[in-house]
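Let us read a protein model together. Look at the fold, then work through the questions below.

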Amino acid sequence: KQKQQQQLPKMDELDLIEKFVRGSGSSGQKVNKTSNRVILVHTPTQLRVECQDTRSLQQNRKIARKRLQQKLDELINGSFSKKAKAQQKIKKKKQKARTKAKKTKQQQQQQDNNI
């Protein structure tokens, strides 16, 4: 079996509005003095993502783009998005574990009744 790699939707740089705002919160003076918070807006869909995970502006830009791409994937692909598929996989795994536990419990009760 070959797994098909699902492609995330393409983002055109012209469709993005990127703003840099002063950070706030913990991490000290460095964060509060510099404009390291990134706000990305995808103009066709008006999806908005903010990122201030690190003290580095460049890293925050990369993280914000990844998050925006994931949001676009969820919006466009819905139940076929990467996140939805991962959630479905976890759900199936839990269901399988429940049924297995139920079977073993029933078998154990039958053995106890036979004794």
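**Reading the fold**

The chain holds 3 helices and 3 strands. The model is a predicted one.

Q: In what order do the elements of the chain run from the N terminus on?
A: There are 3 helices and 3 strands to place. Start at the N terminus and follow the chain: the run is β-α-β-β-α-α.

Q: What is the strand order in the open sheet?
A: The sheet has 3 strands, and their pairing is antiparallel. On average, neighbouring strands are turned by 15 degrees against each other, direction ignored. The order is S1-S2-S3.

Q: Which strands stand at the edges?
A: An edge strand here has a single partner strand, so one side of it is left without a neighbour in the sheet. That applies to S1 (16–21) and S3 (47–51).

Q: Over how many bridges do S2 and S3 pair?
A: Strand S2 covers residues 37–42. Val41 stands opposite Arg48 in S3. S2 and S3 pair in the antiparallel sense, over 5 bridges.

Q: Which helix packs on the sheet?
A: Look for a helix that touches S1, S2 and S3. Its direction makes about 150 degrees with that of S3. Residues 57–77 form this helix, H2.

Q: What percentage of the residues count as buried?
A: A residue is buried when its relative accessible area is under 20%. The chain has 115 residues. Its accessible surface comes to about 9600 Å², with 49% belonging to carbon and sulfur atoms. The buried share of the residues is 20%.

Terms used. Residues are numbered from 1 along each chain as its sequence is written. This is a predicted model: local features need pLDDT of at least 70, side-chain atom pairs count only at pLDDT 80 or more; totals for chains, interfaces and linings use all residues. Side-chain values use heavy atoms; hydrogens and water are left out. Helices (H or I, at least four residues) and strands (E, at least two) are DSSP runs, numbered from the N terminus. Buried means under 20% relative accessible area, exposed over 50%, partly exposed in between (1.4 Å probe, protein chains only). Accessible areas come from the Shrake-Rupley method with a 1.4 Å probe; for residues, only the protein chains shown count as cover. Two strands pair if DSSP finds at least two bridges between them. Axes are lines fitted to C-alpha atoms, for helices over the stretch in contact, and angles run from 0 to 180 degrees between N-to-C directions. Contact means heavy atoms within 4.5 Å.
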